[in-house]
Amino acid sequence: MQNKFTLTLAQNSFLAKKNIVALIHSISRLENVNTTFPQTQTIVGGALNNFSFTETHYVGFQAA
């Protein structure tokens, strides 16, 4: 029987990149962090490169 759940390295990388923002957002919501999915995308995507880590942390991850 062939293992139909085996992924190549390229497929595995694609799947991880595709789902990383959703996973981070889900975990942050579980920890009661008040961010939206677009905010999480912005932070993970590196659009806030001009800010320090502390400023990025303050902007995106304030608890409710």
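**Exercises on a three-helix chain**

I24 has a relative accessible area of 30%, so this residue counts as partly exposed (buried is under 20%, exposed over 50%, partly exposed in between; 1.4 Å probe, protein chains only). The model is predicted: local features need pLDDT of at least 70, side-chain atom pairs count only at pLDDT 80 or more, and totals for chains, interfaces and linings use all residues. Numbering runs from 1 along each chain as its sequence is written, and side-chain values use heavy atoms, with hydrogens and water left out.

**Exercise 1.** Work out how many helices and strands the chain has.

*Solution.* Start with DSSP runs, numbered from the N terminus (helices are H or I, at least four residues; strands are E, at least two). That gives three helices and zero strands. Reading along the sequence, you get α-α-α.

**Exercise 2.** Place T35, then decide: buried or exposed?

*Solution.* First, find the loop between helix 1 (9-30) and helix 2 (37-45); T35 sits there. Next, check its accessibility: T35 is buried because its relative accessibility is 4%. Chain-wide, 16% of the 64 residues are buried. Finally, look for a partner: the T35 side chain makes a polar contact with the side chain of T40 at 3.5 Å (a pair of N or O atoms within 3.5 Å; within protein, one must be able to donate a hydrogen and the other to accept it, and residues adjacent in sequence count only if both atoms are side-chain atoms).

**Exercise 3.** Say which helix I24 belongs to.

*Solution.* Go back to the residue we opened with. I24 is found in helix 1.
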